[in-house]
Amino acid sequence: MKRTTYISLSIGFTAVLLTASCQKSFLDVPIQGQATTATDPNLAVNLVTGVYNSLYNSEAFGGAGGDIHGISFIAATNIISDDADKGSFDGDQPSLKDIDNFTTTPTNNFVAALWNGYYSGIARANQALAALQTASIDASTKSRLMGEVRFIRGYYYFNLVRFFGKVPKVVRVPNDAQDANTDPAFQTRAPVDTIYNVITQDLQYAISNLPLRAQAGAGHANKGAAQALLAKTYLYRKNWQQVQALTQEVINSGQYALLPDYSIIWRYAGNNSSESIFETQSGTFNNGDIAVGGYCTWQGPRVGGKGGWTDLGFGFDTPSADLVNAYESGDKRKPATIIFIDTSPQHKGTVLYDGFRIPSADSVQNLYYNYKAYASENPNVEPYLGNRDKKQKNVRLLRYADVLLMAAEASNELGQSAQAITYLNMVRNRAGLTATKAASQTDLKQAIWKERRIELAMEHDRFFDLVRTGRAAQVMQAAGKNFVAGKNELLPVPSLQIQLSGGQLDQNPGY
Amino acid sequence: MDYIFLGWRTKWVINLVLCLVFYSFINLAWARHAPPIRITGKVTDGATTVGLPGVTVQVKGTNTGTVTDANGAFSIQADDTATLIVSSIGYQKQEIAVNGQTTINVSLQEDTRSLTEVVVIGYGTQRKADVTGATVTIKGEELAKQPVLTATQALQGKAAGVQIISSGQPGTSPTIRIRGTSTALAGTAALFVVDGVLTDDISNINTADITNIDVLKDASATAIYGARGANGVVIITTKKGTTGKMTVNYSGNAGFRMPASLVRMANATEYANYVSAASGNVVNPGTTSTDWYGQIIRNGFQQNHGLSVNGGTDKATYFLSAGYFTDQGIVIDNIYKRFTLRANNDFTFSKYVKAGISASYSNGDNQIANLNSAYNDAYRAAPIIPSKAGTKYGNTSVYQNVGNPIMDIEKNNNKATDNRLLGSAYLDIKPIEWLTLRSEMGGDWLNQNSRVYNYQFNNDTTSFITPGGNQRNPNSNLTFENTRTFHWTWNNLATFSKKFDKHNLTVLVGTTAEQYTQVKFSAFRKDVPAAQNLWYIGTGNANTSTNDGTGDKYTRNSYIGRVNYNFNDKYLLTATLRADGSSRFPSRNRWGYFPSVGAGWLLTSEPFMQSQQIFDILKLRASWGRVGNDRIPSDSYTVTVQPNLAYPFGGGIATPGSAITQIKDPNLKWETTEEADLGVEFSALNGRLSGEVNYYNKKARDLLINVKVPSVTGDADGVVLTNAASIQNQGLEVTLNWRGKITNNISYRVGANATLNQNKVIGLNGGQPILDGGVGANQQYTTRTDNGQPVGSFYVLQVLGVFQTADEVANYKSATGQVIQPSANPGDFKYQDTNGDGKIDDNDRVFAGSYQPKAYFGLNAGLTWKGLDFSVDFYGNVGNQVYNGKRGFRQNQLDNVERSMAYGRWSPGSGIQNEPGANSGNLPASTYFVESGSFVRINNATLGYKLPDKLLEKVRISSVRVFVTAQNILTIKKYSGFTAELSGNPTNQGIELNAYPTTQTYALGLNVGF
């Protein structure tokens, strides 16, 4: 073997080794296991479903997505009101106690979760709308899908404006972090009127582009839902003509009727019933339950005292004694709304409609629980695959009785008391009560307000209603709460968000 | 060039065939030579006459060489006219003419010019004296003497500029930070290079297999690793076979581990008093008093055994080893086992061609204790609840909504196993004296399996002493997860090395390519029976079955170049350049260029230094380099669609949907670190004193960091990864070593190293400060990373004291007369109204230090007297703060308290200012929770005895050493929690929530050589 042979071999070897130039494709590696906007063939349609999915957002402890209909929502609508108490035991979740007692501070995690949740839902809506603009689907499908998305976005803004008053108006997708951090729209709060304009425009678009309930498919936003929600929006703006006109359209559409049995409304049997105008859907996905996270668990009856039974949840959002006493005698809605824990010396316990027995008070934490949030433990009664945090409960967000009572209120305000009484009595009759005795416009107004409280008890409406009608301070103070007028009508803007805006977001008065 | 990248396997086969062809030629060529003679002998230390292992014996003018065995013996073939060169680090080289001798014993004299040693510098080696960057070498035997799992842990306190944050958890690697924390999100770990294979984890490497660890610290040294060099590089060289007769070595130790420090919680009476005072409801202490930590912590058994075989001929050498390590840890139900195998082979085909492989296999088996719930629950669980009676557990959750900590652990079975094959193979061709061509391939296969079983149990009297509560699991469930990764690298290098008169020049050029792929799969079912032999997915309820899977893939392609120039052993110059292309960045930012330059001046080589007697060696050096960091997820710059956000219209089975939930920065680029280093190295007083002083200034910019964005942008986690921050670390490293002899029989050494580091965020580039470190529901963040402060500084309310009376509350007013804490009661904390607005809120927070230490140091000393050896190492860390997160998490009025809180609490008239009155927890983040993180401890103390050779000769054993060793015998710390050593991300590091306590280990060991 000659040294020259080595040299020539080496030269060949070197040539191979050192010419390893970069082939461009070697560094072009597509992302594994994740679709991008370019590689998802059904992007726009999937994103619309994803907007509906945001109705489930329910992470109140700083997790991704925030809370739209979970415990934060329950707290800021029910617990805060005179219909419900915080529940559980005294020391459990002090931040919820703050909401109940109007000692909420801007660092409250549940309030922060609401802000995060609603804006993450709105962002999903904005993403879907942007994708729909460029999607190659037929025009009528496109406008229907856009109508559904804009219905949900309108609903989200309606809740936001009622929680926080002025809020940032975000109706587009930020290009990047720089854009998100510099565009004033993302950093400052728009006036309440501007937000109501967004809501009105979204819902009017939905009304024009959505089919009636019968054609829309269960669970989808439809024309009637958009009309009812827009009517409710106008109710808060005291635009009585519009409330009347829109509720009339819903009533005359022939799509809706009261369920004969009030107790069925919130059960599986009442899912998407004739009374339902809009409700979150529940079912199964990936061999698991899918629904608003924790809705039933947070509100489920809780073990206490002697214990000795498998409880149903954490026992929050318990109906207040004030609500219990507000019912007229013989009102069928009372036992359908409240689970009464047995305090009798016989210790018989409470047997629920599906046969589930809750022991008597010495083994239970609280005296009252929300029956509407009860989902059966028995999968033969109501579908349930065993995920306690995702019990299949449709949360009723808008129903026909609300429309009737809005119609009644608008008619009364417009001086059409006969009409108002008719609608009011439809609701009372179903509850097994006699016709209203109120006659004067003022009495009738009070009667309608009272009826709203009872009919929609524990349905996330009471506190907003008190604020809307200007009674919040008087009623809450009478209930012994430290309510400060001019402050506690609204929740504080989360302090972290104020910091992230560089102080450009302003705080609500009094916080 | 598809041939290069797609056909690498084919190419490799061709190379192997070439090797075989060469091999046969070489044998033919040698057949024509006259047979050489075999020479045997022993190399000893000139002073102590002890045999020296690892000494290189080489036939002059050839590539034939060998290394002495553990006793200093060697055997080599050479012509009877040849000359042998005998050399070893730290000794003067000797040349001995063979002249027909078949036995040559050599006595080596210590070389006081110790900088002649050779160090590994990345894609090559260099004389330590020629190095112009900051590097440090640690011998494998220094590491292997400690009873710890990883070499990284053993490095603690051994080198200036290298901070190791221990983890006591079995099977885990400690956190390593080289010269401060200079990144936030992009991965802070140093790069490990094991026999040429790049990796992030060396927990598979048996420490006993390591010859040396070389740590490259400054940017000029790490720039050869370009985009992976920013956090420093740790190069591990494993043992090679040595020619001569086969030697067999056993080394082993066994002992116990126990917690180094415990947190004492209140007992039942103390608890009852405290809670009664806090809640106003009288709590009866009862007859039970449970020490919950005592229930889940134990002393664990640990053992480590290793057997190695080593030998070879002139043509082939081998080093084979097997290791077995088990560690029970100090938490019940916890045990880690590791089995390792290694085969390192080198083949010399001829003067021109060499090849070798280095391969290791490891099998890890980790029974993991469910600490996340258990530690927190043990802190909070009431001592008045019994722990366990027979098979029934005490019911803490029915009492206070906290799980029973024993149950947290015992009702969960979490086992992780992994199989890893990490190896490399090289082929060297040296066609002419001054050129070496090397092709080197490395592969890292990892197959990880995780099996988590959760037992079914109800909150009834079958499981609990009293029924009720929320701790239950109505359906058992089983999750299997498999992750397979494969990472290959292929380096092709050419090294030119030539001396022209007084000019020494070495030039390296090369290319590297690498690819990483990962496949993940998981499956889940409920209702799997409790018998362990049925823990397979198929036994579960098929109606509950779910599965998931994903993958990852990225590639890198690089060009490297380096010039080392040495003029007359006086002036040194090194320049490197690496161009790195990474698939993890958008195409326009794909390539990064990382240059460095270093210069050195060996003053002792100058004529004017010849007359002085103090310094043997004095070297000044200065360097500058730029390195990068690309350790971010592959999907960081591309907007992806989150699938499976389903919705069941009308009920039933849901329709799949998706959402774009993350804002991405389409312009992501490399993190860039620039570092300047000035150093002095010296050896003085005939080698008795040596040392090194370095100043460094390291600025990292375009740091990838998650910037929080307002929630209104809809980013689901509220953060966007972007190139926002800049961080500076500057510091001083001092290393001093002294070695000496008292008599011929007694020698000793004392060494110290210290690092002063100042960490500071020097720019957020218009981004917002980063708030992080949330603890529980009421402390949403505890740290703030902001301009001018160390990264992850604690940012909390300032406690001024405790309100002693109602008058004090009423009189604590703002300038405008507003009562600042109107709802406070005597015994509550008085917080500073920093902004003077008359109320206490987040705007009143102040910076309260960070986890970044101001200094850390190591001290080590050794003494040998005849066969006895003793060594002791200290490690310490000063000037940082830790956050007592577990105390901050206390959130319920029935939660337990620490004994010190129960006794030290404020009471009316006590005047106590530093501990509030009895309270229900849920306190806001404040300086109360910030404690000193400084500590110093005896890291390791070892006493060994080597049996006299005379005794052993009869039993044909060449060496026996017995030793006792202790790890962490004593820790002196101010922190009241378990440990001040807390891992985490830079922006939330130093918060103790569920930290596995640092442990002490006492072990007995034995080394035997045959």
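**Strand pairing, interface and cores in a predicted two-chain model**

In chain B, B:Lys42 has B:Ala73 of strand 4 as its bridge partner. The model is predicted. The pair belongs to a wider ladder: strand 1 (residues 37-45) of chain B and strand 4 of chain B are joined by six bridges and run antiparallel. Both strands sit in an open sheet of three strands in chain B, ordered 4-1-7. Pairing in this sheet is mixed. Its edges are strand 4 (73-78) and strand 7 (106-108) of chain B, each of which pairs on one side only. On average, neighbouring strands of the sheet are turned by 35 degrees against each other, direction ignored.

Further along chain B, strand 24 (residues 412-432) and strand 25 (residues 435-454) pair over 19 bridges. The sense is antiparallel. Two residues lie between these strands of chain B, and the two form a hairpin. Within this ladder, B:Tyr426 has B:Glu440 of strand 25 as its bridge partner. Strand 25 of chain B also pairs with strand 26 (residues 477-500) of chain B. Here 20 bridges are found, again in the antiparallel sense. In this second ladder, B:Thr483 of strand 26 is the residue opposite B:Gln448.

B:Val796 offers a view of a single buried site. The residue lies in strand 38 (residues 793-796) of chain B. B:Val796 counts as buried because 28 other C-beta atoms lie within 10 Å, against a threshold of 20 or more. Leaving aside residues up to four places away in sequence, B:Val796 touches B:Thr782, B:Arg845, B:Ala848, B:Ala925, B:Ser926, B:Thr927 and B:Val930. One of these contacts, B:Val930, is 134 residues away along the chain. The C-alpha atoms of B:Val796 and B:Val930 are nevertheless separated by 8.7 Å.

Chain A contains 22 helices and 10 strands. Its C-alpha trace spans about 115 × 55 × 45 Å along the principal axes. Of its 511 residues, 55% count as buried. Among contacts in chain A with a separation of 6 or more, 65% link residues 24 or more positions apart.

The two chains share an interface. On one side are 88 residues of chain A; these contact 93 residues of chain B. Helix 6 (residues 109-134) of chain A supplies the largest share of the chain A side, with nine residues. By class, the chain A side divides into 37 nonpolar, 46 polar and five charged residues.

The largest nonpolar core holds 222 residues. A:Ala128, A:Ala226, A:Val403 and B:Ile236 touch the most other members. Helix 6 of chain A gives the most to this core, at 15 residues. Domain 1 (43-209 + 489-500) and domain 2 (289-393) of chain A each contribute at least three residues. On the chain B side, B:Ile236 touches B:Ala151, B:Phe192, B:Val193, B:Val194, B:Ile202, B:Ile205, B:Ile210 and B:Ile213, with residues up to four places away in sequence not counted. A second core of 70 residues is separate from the largest one. Its members include B:Val275, B:Ile385, B:Val402 and B:Ala925. B:Ala925 also appears among the contacts of B:Val796.

Key: Residues numbered from 1 in each chain as written. Chains lettered and ligands numbered in written order. Predicted model: local features only at pLDDT ≥ 70, side-chain atom pairs only at ≥ 80, totals over all residues. Helix = DSSP H or I, 4+ residues; strand = E, 2+ residues; numbered from the N terminus. Buried ≥ 20, exposed ≤ 12 C-beta atoms within 10 Å, placed from the backbone. Contact = placed C-beta atoms within 7 Å. Nonpolar A, V, L, I, M, F, W, Y, C, P; charged D, E, K, R; others polar. Pairing = 2+ DSSP bridges. Axes fitted to C-alpha atoms, helices over the stretch in contact; angles between N-to-C directions. Core = buried A, V, L, I, M, F, W, Y, C linked by C-beta atoms within 7 Å. Domains from an automatic or database assignment.
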